[in-house]
Amino acid sequence: MTTEEERPSWQDLAQQVQADRDRSIAQVEPAIPVLPETLPSRVIDIPRQHLTPLELAITESDPEALVESLAAGKLTASSVTKAFLRRAALAQRLTNCIYELLPDRAISHARNLDDYFAEHGKPLGPPHGLPISVKAHIGLEGQDNAAGFVGWLGRKDSADASVVKILLKAGAVIYARTTEPQGLMALETRSNITGTTTNPHNTATSAGGSSGGESALIALRGSPLGIGSDIGGSIRSPAANCGISGLKPSTGRLPLIGISAYAIGCETILGVIGPMSSTLGGINLFMKAVLGSKPWLSDPLLHPIPWRDHESHIHQDGRNLTVGVMWNDRVVTPAPAVTRCLQEVVERLKLVSGIAVIEWKPFRQKEALEILTKLYTPDGGEAFKGHLELSGEPYTPLTAWTVRDAPGIEKLSFQGVWDWTFKREAFRYSYLQEWNSVAPDMDVILCPAYPTPAPLHDTSRYWGYTSIWNLLDYPGVVFPVTKVDLERDVKDITYIPQNEFDSWCYENYNPQKQKDVPVSLQLVAKRLEDEKLLQALKEIKDKIGLPFVDCLA
């Protein structure tokens, strides 16, 4: 029997994981070069200095172009996989975004795909040979799945998650697992297992969370397409911070079997998985590949709805695409950089034929935030605390805030859970009535994804611009627009914050410290209108030429 004294400390357990990660990177061939100890704050360009011309050509390609080249036999799955393994290894050295690489598994599968192509003269499926990275709590057979808790280390998945099985069967290659925060509950990717993941545009800023490993890796072109998860902004926050695209789909569209999380069975606020990519085309490719397998036939949790991208969901009966602009949520005022970004998009949209722009006022945001606070931690944070106590690890700053210290957190009785869940349903009903009565022709809502560009580390406390859509179960997609401009995005020193959240975000906005980071926006549609959402964004991007600044260049 192991005594308390013999049990490894949480620090020792974490070091074992980091050592395993380092060994997985050491298996990558050819070995990546040793990087200087001192690096600039902007590390986006560094991988381009250390890869071969072929590796650069492969990893700088958009996922849509890659699958075309793979399907035509112009590239092999093995060459593409090896290129992304090397770039992912570099990305880890630059931003600490990798939980572990899977070189043996990935290269073996890629070679099998090449053999299939040689024998049949065609790809196995739409994503044939495309490397896809996964957030670490998405289950892989035989691999650790700690969901951000040191005390969960050693728990191994007995099978691949459903979404992984679907993608592998269609020909994708799973080659990297990415970092996640403690317990998955923060808009920052920091855990006691792997440390802090940094933003490659400015390493003093956050890559976002909880899918920040994915966003940093994709921004560095170490992955063409990845899988994140989102219960309050965990796909959209990282995508916004790192200047990539990320979709939070409606619940019941993508399978969750095989995903690990401490509150996976709690249905007060449901989480989802979703795609993250350097392009909007990559998002569509993922949704089409997964839903093309008809996963609802074997998963009763899913809606029997295929990916309906073959039909038009906008301009019905010749109508304009109507975009409602929500400038702020009346709780936290966006920083000058975000407001400028939104103004520039709106000004150009107003000049486009076929698109109508209207104002959309936030609806009872304070009530929504109160409901969210109660339903994220209906046990008052007790379960989270218990999982930390398994190893003795301390809270990280933002998870302490999210599940313990934020105003309004309390342990609810059974009746309390029922009452607040009913308030959730009543709020959803009221919001839809407001949409239908005030703006019946509005197709989508355009709004900020976060009050500021990528925040400084440990300051991402306000979830309101993303979590409202989790409460409503509306699909949301984030997309890059521009980057911080030190001359035009100066802080308004005359502004008087209106509340605690507003003051926190105002005090932590500093364009000089946030230089070089992208500024992104969010587009939202009604529940289960995911296809309409992506079609609307594609039209907006095409008509006004988004992004205005290529932040990944």
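# A tour from the domain interface outward

Between domain 1 and domain 2, 37 residue pairs are in polar contact, both residues at pLDDT 80 or more. A polar contact is a pair of N or O atoms within 3.5 Å; within protein, one must be able to donate a hydrogen and the other to accept it, and residues adjacent in sequence count only if both atoms are side-chain atoms. On the side of domain 1 that touches domain 2, the elements giving two or more residues are β4 (190-191), β6 (198-199), β7 (202-206), α8 (236-242), β9 (245-248) and α9 (280-291). Helices (H or I, at least four residues) and strands (E, at least two) are DSSP runs, numbered from the N terminus.

The model is predicted: local features need pLDDT of at least 70, side-chain atom pairs count only at pLDDT 80 or more, and totals for chains, interfaces and linings use all residues. Residues are numbered from 1 along each chain as its sequence is written, and side-chain values use heavy atoms, with hydrogens and water left out.

**Stop 1: the two domains**

Select residues 54-297 for domain 1 and 320-544 for domain 2. These bounds come from an automatic or database domain assignment. The C-alpha centres of the two domains are 24 Å apart. In domain 1, 52 residues are in contact with 63 residues of domain 2, where contact means heavy atoms within 4.5 Å.

The size of an interface is often given as the accessible area lost when the parts come together. Here about 4,500 Å² is buried between domain 1 and domain 2, and carbon and sulfur atoms give 58% of that area. The figure is the accessible area (1.4 Å probe) that the two parts lose on being put together, summed over both.

Next, select Arg253 and Glu531. They form a salt bridge, with the closest N and O atoms 2.8 Å apart. The rule finds three salt bridges across this interface; it asks for a side-chain nitrogen of Lys or Arg within 4 Å of a carboxyl oxygen of Asp or Glu.

**Stop 2: helix α7 and the loop before it**

Start in the loop between β7 and α7, where Ser210 lies. The peptide bond joining Gly209 and Ser210 is cis, with omega about 10 degrees.

Now select residues 212-219, helix α7. Eight of its eight residues are buried, so the helix is largely enclosed by the rest of the structure. Among them are Glu214, Leu217 and Ile218. Buried means under 20% relative accessible area, exposed over 50%, and partly exposed in between (1.4 Å probe, protein chains only). Just after α7, Arg221 takes a positive phi of about 60 degrees.

For another cis peptide bond, go to Glu29 and Pro30, where omega is about -10 degrees. Pro30 sits in the loop between α1 (10-26) and α2 (53-59).

**Stop 3: strand β13 and its partners**

Select residues 444-448. This is strand β13, and five of its five residues are buried. Strand β11 (residues 321-325) runs parallel to β13, and three bridges join the two. One pair to display is Gly324 with its bridge partner Ile445 in β13. Strand β15 (residues 518-524) pairs with β13 in the antiparallel sense over four bridges. There, Cys447 has Gln522 of β15 as its bridge partner. Two strands pair if DSSP finds at least two bridges between them.

Stay on β11 and select Leu321. Leu321 counts as buried because its relative accessibility is 0%. Not counting residues up to four places away in sequence, Leu321 touches nine residues' worth of display targets, including Ile314, Ile355, Asp443 and Ile540. Val357 is 36 residues from Leu321 in sequence and 8.5 Å from it in space, C-alpha to C-alpha.

**Stop 4: helix α11 and two loops**

Lys374 is in helix α11. Is Lys374 buried or exposed? At 9% relative accessibility, Lys374 counts as buried. Show Gly408, Glu410, Leu412 and Trp420 as well: Lys374 touches them, leaving aside residues up to four places away in sequence.

Move to Arg364, in the loop between β12 (355-359) and α11 (365-376). Arg364 is not a glycine, yet its phi is positive, about 45 degrees. With 39% relative accessibility, Arg364 counts as partly exposed.

End at Asp473, in the loop between α15 (464-472) and β14 (476-483). Asp473 also is not a glycine and has a positive phi, about 60 degrees. Its relative accessibility is 5%, so Asp473 counts as buried.
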